[in-house]
Amino acid sequence: MPQTVKAVVAMSKGAPVELVDIVVPDPGPGEAVVQVQACGVCHTDLHYREGGINDEFPFLLGHEAAGVVEAVGDGVTDVAPGDFVVLNWRAVCGECRACKRGDLKYCFATHNATQKMTLASGDQAGTELSPALGIGAFAEKTLVAAGQCTKVDPDARPAAAGLLGCGVMAGIGAAINTGEATRGKSVAVIGCGGVGVAAVAGAALAGASPVIAVDIDPKKLEAASRMGATHTVDSSKVDPIEAIKEICGAVYEGAEGADVVVEAVGRPETWKQAFYARDLAGTVVLVGVPTPDMKVPDLPLIDVFGRGGALKSSWYGDCLPSRDFPMLVDLYRQGRLDLDAFVSEEIGIGDVEAAFEKMHHGDVLRSVVVL
């Protein structure tokens, strides 16, 4: 039978979110109902609330989540009731051109649930909800495509493991998967919010050195140091390009910047800093999400040609959830990846709006709703 549960919904553009009752259908073919245990408050949820993604209101927010599968529909074989899962928004289709050529991380036809969750009461009862990134996990239970459920070690703490569903995976993957950070390479990360600090952690995990964190907020630089940064640069006080060049040149003779520069802000001016802070034939990775009006900064084409290397974007850290989530949870369980350090606070389902305010002020890496 369909169930009525509590959930956080953005009813209209820019309005505070509301805690309401929604109806979750029984899972149909290829679908699963998940009892949500924890869900991180990500900046993407705020983008949805502000109308920065699209205008398909009302939105069921939340997408960075972990929980337990409650029921599955016909044809589902990869997960079963009782499985502990991290939800992902890249359930690869297996049929598109990218999938067929083996580039599953570039699949753009990812699966979502076919059925819709709806508002349960009030003037808009029966109105279909648009789940954030196809998940909608600021809810006691949610309906997803079964392929969005990735089984991981059930002994992992849900509040920590769930962060792999978006921000932490985006940052770690930007450094390791997209930037190909390894031993013998230097990495700089510009912007040390949750994604940037995760990129620092990924670079350190891969054995890169030095790992340089750049930001204007001392608290964020302190967090980056705890997650493995060997050097920090306060770009409000010094030129970050020159600082990165100086640090890398002191470690590797002849280096003219970092081998990999991860831009985790999503602004033209910081992207330009990343471009000029990389070594010859180095790599720039854009993981910060720009707004649609932003343009690539004016760069002399000879500089693009003459410096060589690669300019890349990283979407979801170029991850494959079925490969990367279990591996990273295992590293967490071994004490080699401190996912707990990303959890700044645990909050109730009614505290999401307050968490958005803390996010604005840079007071947290992640607020996590615990149900």
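Here is a short walk through a parallel strand region and a surface patch of this predicted model. Local features need pLDDT of at least 70 and side-chain atom pairs count only at pLDDT 80 or more, while totals for chains, interfaces and linings use all residues. Residues are numbered from 1 along each chain as its sequence is written, and side-chain values use heavy atoms, with hydrogens and water left out.

Let's start at strand E12, residues 211-215 (strands, E, of at least two residues and helices, H or I, of at least four are DSSP runs numbered from the N terminus). Five of its five residues are buried, meaning under 20% relative accessible area with a 1.4 Å probe and protein chains only, where exposed is over 50% and partly exposed lies in between. One side carries Val211, Ala213 and Asp215, and the other Ile212 and Val214.

What runs alongside E12? Strand E11 (residues 187-190) is parallel to E12 and joined to it by four bridges; strands pair if DSSP finds at least two bridges between them. Val187 has Val211 as its bridge partner in E12. Helix H5 (residues 194-205) completes a right-handed β-α-β unit with E11 and E12; with the strands pointing away from the viewer, the path from the first strand over the helix to the second runs clockwise.

Strand E13 (residues 231-234) is also parallel to E12, again through four bridges, and Val214 is partnered there with Val233. The chain gets from E12 to E13 through helix H6 (residues 218-226), in a right-handed β-α-β crossover.

Elsewhere, Tyr106 sits in the loop between helix H2 (97-100) and strand E7 (118-119). Tyr106 counts as partly exposed because its relative accessibility is 35%.
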